[in-house]
Amino acid sequence: MSQSGILKVADAILPGDVPTTFVTDSGIATPIAHIIDILGSGGATTSAVGNVITITVAPNFTWQVVTSASNPISLAANNGYIAKGAGVVQFVLPAASAIGDTFRIVGYGNLWTLAQNAGQSITIGFITSTIGVGGSVSASMISDSLELVTVTANQEFYETSIQGNPFIV
């Protein structure tokens with residue numbers, strides 16, 4: 001993901017018209033010798049050419065292709081999985097998950113099943129799976145895809161995007 005825009009510092013030539021502080025979401029920066037540093041971190045980078053500063057924020061998300069040979073696969077936060085190959089790919093929700101952790105499963109040539117641990121549930125639309133190890137979500141077609149976000153640490157996972165019509169137990 002990339003965001004761009006224009007930060008207009010001053011239209012006038014007068015030295016008194018140059019800003020002396022810059023307010024951000026998490027503090028105030030005061031230029032030293034008319035210089036302010038704009039730095040990137042945690043997936044964000046910066047670059048400059050002439051009078052243009054570009055801030056690029058890359059999603060901190062990792063994708064991997066998985067097959068049934070790796071069964072079962074424990075989901076990791078901010079990871080995407082492409083189910084590919086022969087046999088049903090079996091995923092398991094992580095036992096520990098923080099609010100906002102996101103998980104994606106994409107069906108590509110293979111069915112998949114997502115199992116739960118004790119005390120966990122998955123909500124898709126208005127349907128919630130059976131709480132605990134008896135609950136699960138399974139692809140009904142090889143192209144079914146699902147994105148989940150943790151809404152209650154370690155326990156509740158809500159669908160934020162879905163493709164297809166998976167089975168919910």
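## Strands β5 and β7

In this predicted model, T62 stands opposite N79 in β7. The two strands involved, β5 and β7, run parallel and are joined by five bridges. On the way to β9, β7 again has a parallel partner, with five bridges between β7 and β9. One position to look at here is I82, which stands opposite V106 in β9.

From β9 the pairing continues to β14, but β9 and β14 run antiparallel. Five bridges join β9 to β14, and I105 faces L146 of β14 across this pairing.

## The seven-stranded sheet

These strands belong to an open sheet of seven strands, in the order β5-β7-β9-β14-β15-β11-β12. The pairing in this sheet is mixed. Which strands stand at the edges? They are β5 (62-66) and β12 (127-128). Each of these has a single partner strand, so one side of each lacks a neighbour in the sheet.

Strand β15 covers residues 156-163 and includes S161. Is S161 buried, partly exposed or exposed? With a relative accessibility of 38%, S161 is partly exposed, because the partly exposed class lies between 20% and 50%. Beyond its neighbours within four places in sequence, S161 is in contact with S145, L146 and E147. The C-alpha atoms of S161 and S145 are separated by 8.1 Å, and the two residues are 16 apart along the chain.

## Strands β8, β10 and β13

A second group of pairings involves β10. Four bridges join β8 to β10, and these two strands run parallel. Within this pairing, V89 stands opposite W112 in β10. Strand β10 also pairs with β13 (residues 136-138), this time in the antiparallel sense and over three bridges. The bridge partner of L114 in β13 is V137.

The two faces of β10 differ in cover: W112 and L114 form the covered face, while T113 and A115 form the uncovered one. Residue S138 is placed in β13. Its relative accessible area is 16%, so S138 is buried, the cut-off being under 20%. The side chains of S138 and T113 make a polar contact at 3.2 Å. Leaving aside neighbours within four places in sequence, S138 is in contact with W112, T113, P166 and F167.

## The nonpolar core

In soluble globular proteins, nonpolar side chains tend to be buried together. In this model, the largest nonpolar core has 19 residues. Which of its members touch the most other members? They are L75, F91, W112, L114 and I122. Two or more core residues come from each of β7 (79-83), β8 (89-92), β9 (102-107), β10 (112-115), β11 (121-124) and β14 (145-152).

I122 can serve as an example of the surroundings of one core member. Not counting residues up to four places away in sequence, I122 touches L93, L114, Q116, I127, T128, S129, V137, L148 and F157. Of these, L114 is also listed among the core residues that touch the most other members. L114 and V137 are themselves bridge partners.

## Aromatic pairs

How many aromatic pairs does the structure hold? The number is three. In one of them, the ring centres of Y81 and F91 are 5.6 Å apart and the planes are at 55°, so the pair is tilted. Y81 lies in strand β7 and F91 in strand β8, so the pair ties together parts that are 10 residues apart in sequence.

Both Y81 and F91 are buried. F91 was named above as one of the core residues that touch the most other members.

## The whole protein

The protein has zero helices and 16 strands. Of its 169 residues, 27% are buried. The accessible surface comes to about 10500 Å², and carbon and sulfur atoms account for 59% of this area.

Contacts can also be sorted by how far apart the residues are along the chain. Among contacts with a separation of 6 or more, 45% are between residues 24 or more positions apart.

Conventions: Residues are numbered from 1 along each chain as its sequence is written. This is a predicted model: local features need pLDDT of at least 70, side-chain atom pairs count only at pLDDT 80 or more; totals for chains, interfaces and linings use all residues. Side-chain values use heavy atoms; hydrogens and water are left out. A nonpolar core is a set of buried Ala, Val, Leu, Ile, Met, Phe, Trp, Tyr and Cys residues joined through side-chain atoms within 4.5 Å. Buried means under 20% relative accessible area, exposed over 50%, partly exposed in between (1.4 Å probe, protein chains only). Contact means heavy atoms within 4.5 Å. Two strands pair if DSSP finds at least two bridges between them. Accessible areas come from the Shrake-Rupley method with a 1.4 Å probe; for residues, only the protein chains shown count as cover. A polar contact is a pair of N or O atoms within 3.5 Å; within protein, one must be able to donate a hydrogen and the other to accept it, and residues adjacent in sequence count only if both atoms are side-chain atoms. Rings of Phe, Tyr and Trp (its six-membered ring) pair if their centres lie within 6.5 Å; planes under 30 degrees apart count as stacked, over 60 as edge-to-face and the rest as tilted.
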